[in-house]
Amino acid sequence: MTLTLMGEASHPGPVTAPLMLGNHAVNPPVVLAPMAGITNVAFRRLCREQGGGVYVCEMITTRALVERIPKTLKMIAFAEDEGFRSLQLYGVDPDVTAAAVRMVGERNLADHVDLNFGCPVPKVTRRGGGSALPWRRKLFGRIVRQAVQAAEAYGLPLTIKMRKGIDQDHLTYVEAGLTAQDAGVAAVALHARTAEQRYSGQADWDAIATLKQALDVPVLGNGDIWEGSDALRMVAHTGVDGVVVGRGCLGRPWLFADLEAAFTQGPDYQPVLPTLGEVAKIMSRHAQLLVEALEDERHGCADFRKHVAWYLKGFPVGGDLRRSLAMISSLAELDDLLGKLDPAVPFPVESLGQPRGRVNAPGKVSLPHGWLDSRDDDTVPEGAEMEDSGG
Ligand SMILES: Cc1cc2nc3c(=O)[nH]c(=O)nc-3n(C[C@H](O)[C@H](O)[C@H](O)COP(=O)(O)O)c2cc1C
């Protein structure tokens with residue numbers, strides 16, 4: 001589909017309108033995408049220090065929350081200076097989801113709740129959860145309505161995040177967006193891929209434009225923003241009210257400085273291009289913050305290992321050193337290895353604009369038996385509520 005849109009421009013300028021989530025103005029209109037295993041309090045701090053926006057916590061499952069699973073309660077950690085605490089919940093049961101939102105309100109756990117309807121993981125869709133759920137339109141509507149009602153009692157803006165649909169023949173995003181709007185959500189975010197696509201191919205920004213044209217509530221666009229300039233292009237192409245940025249910031253928390261610069265200065269902003277020495281300092285700090293957050297040096301260092309390849313992507317660093325860095329078990333070991341890097345090496349500009357993180361192949365979506373044949377069945381799917389959080 002080719003769309004000619006108002007605002008489409010080859011040289012988009014600065015974007016000055018803040019994104020409104022309820023009464024809260026988000027300026028620049030940037031959201032750190034919730035990423036399980038990544039967007040914990042440590043990573044959010046690194047990103048928040050770079051620029052303005054909303055920084056969403058790791059996903060929490062509603063059942064684990066209402067059952068007060070200690071590991072889950074611990075995951076809801078916000079720093080004292082997190083002004084607008086944003087929490088993503090995953091649920092499949094309207095009553096449990098509403099109870100979880102009430103708990104967030106009662107215990108003042110967050111200032112904003114997002115509901116996840118985008119998870120493509122087979123163990124979730126096979127049971128009818130995540131990105132499979134909006135297909136069951138009545139159930140989806142009940143979940144969102146009850147969640148919004150629960151959130152309203154505490155003045156919490158509630159948003160949803162979804163994909164385009166199950167696959168190209170089973171698209172749900174416009175209908176789901178309208179349902180969510182009727183239910184009273186503060187905004188709708190679209191990751192413009194189907195569940196079948198997982199993270200492959202290119203996000204369909206035309207679909208984001210279609211959703212923006214269909215809704216009155218703010219629409220957030222998500223998918224394939226690797227640089228500040230991509231965010232401006234997405235806004236110009238789709239007219240969205242804000243952008244959600246996931247994989248682009250893996251190993252690059254400074255992307256949020258670029259995004260702020262792009263939104264305030266326009267496309268002539270100067271991108272942040274740290275030298276290898278500056279990257280090493282950020283790596284060391286990231287590991288330190290993880291150790292503090294997890295209150296355990298080994299655990300924090302083990303959690304940091306997955307970030308090493310992202311930070312070093314494109315830099316000329318030998319395989320042995322990379323491998324050793326990805327196996328660290330203490331902060332002293334990390335700093336010792338980082339000391340072996342040549343701090344003067346400039347940023348590898350050829351890696352700008354390149355995909356990072358998951359880019360896995362498409363795959364047929366596992367669904368419960370008969371799922372596609374019964375759109376109006378609103379039975380709560382069994383076993384689709386993960387007990388554990390994340391994933
Ligand atoms: C490691 C990882 C974990 C993710 N976890 C979640 C999650 O818990 N909830 C969610 O809504 N999306 C999750 N996502 C999807 C992202 O929020 C985002 O929608 C997706 O990566 C597309 O945006 P991007 O192209 O900017 O990366 C995850 C993505 C990645 C790569």
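**Exercise 1. Find the residue just after α4 that takes a positive phi, then describe the helix itself.**

Solution. Asparagine 108, just after α4, has a positive phi of about 50°. The model is a predicted one, where local features need pLDDT of at least 70, side-chain atom pairs count only at pLDDT 80 or more, and totals for chains, interfaces and linings use all residues. Residues are numbered from 1 along each chain as its sequence is written, and side-chain values use heavy atoms, with hydrogens and water left out.

Step 1: take the length. Helix α4 covers residues 94-106, which is 13 residues. Helices here are DSSP runs of H or I with at least four residues, strands are runs of E with at least two, and both are numbered from the N terminus.

Step 2: compare the spans. From first C-alpha to last, α4 reaches 18 Å, close to the 18 Å expected at 1.5 Å a residue; the expected span is 1.5 Å times one less than the number of residues.

Step 3: look at the N-terminal end. Aspartate 93 caps α4 there, with a side-chain oxygen 2.8 Å from the backbone nitrogen of aspartate 95.

**Exercise 2. Which residues of α4 are buried, and what do they pack against?**

Solution. Step 1: apply the cut-offs. Buried means under 20% relative accessible area, exposed over 50%, and partly exposed in between, using a 1.4 Å probe and protein chains only. The buried residues of α4 are Pro94, Val96, Thr97, Ala98, Ala100, Val101, Met103, Val104 and Gly105.

Step 2: list the partners. These buried residues pack against elements including β6 (86-90), β7 (112-117), α6 (137-152) and β8 (158-165), where contact means heavy atoms within 4.5 Å.

**Exercise 3. Work out which parts of the chain are tied together by the salt bridges of aspartate 81 with arginine 48 and of glutamate 49 with arginine 285.**

Solution. Step 1: set the criterion. A salt bridge is a side-chain nitrogen of Lys or Arg within 4 Å of a carboxyl oxygen of Asp or Glu. A search of the whole structure finds 20 of them.

Step 2: take the first pair. The side chains of aspartate 81 and arginine 48 meet at 3.0 Å, N to O. Aspartate 81 sits in the loop between α3 and β6 and arginine 48 in helix α1, so the pair ties together parts 33 residues apart in sequence. Arginine 48 is buried at 18% relative accessibility, while aspartate 81 is partly exposed at 47%.

Step 3: take the second pair. Glutamate 49 and arginine 285 meet at 2.7 Å, N to O. Glutamate 49 lies in the loop between α1 and β4 and arginine 285 in helix α11, so parts 236 residues apart in sequence are tied together.

Key
A polar contact is a pair of N or O atoms within 3.5 Å; within protein, one must be able to donate a hydrogen and the other to accept it, and residues adjacent in sequence count only if both atoms are side-chain atoms.
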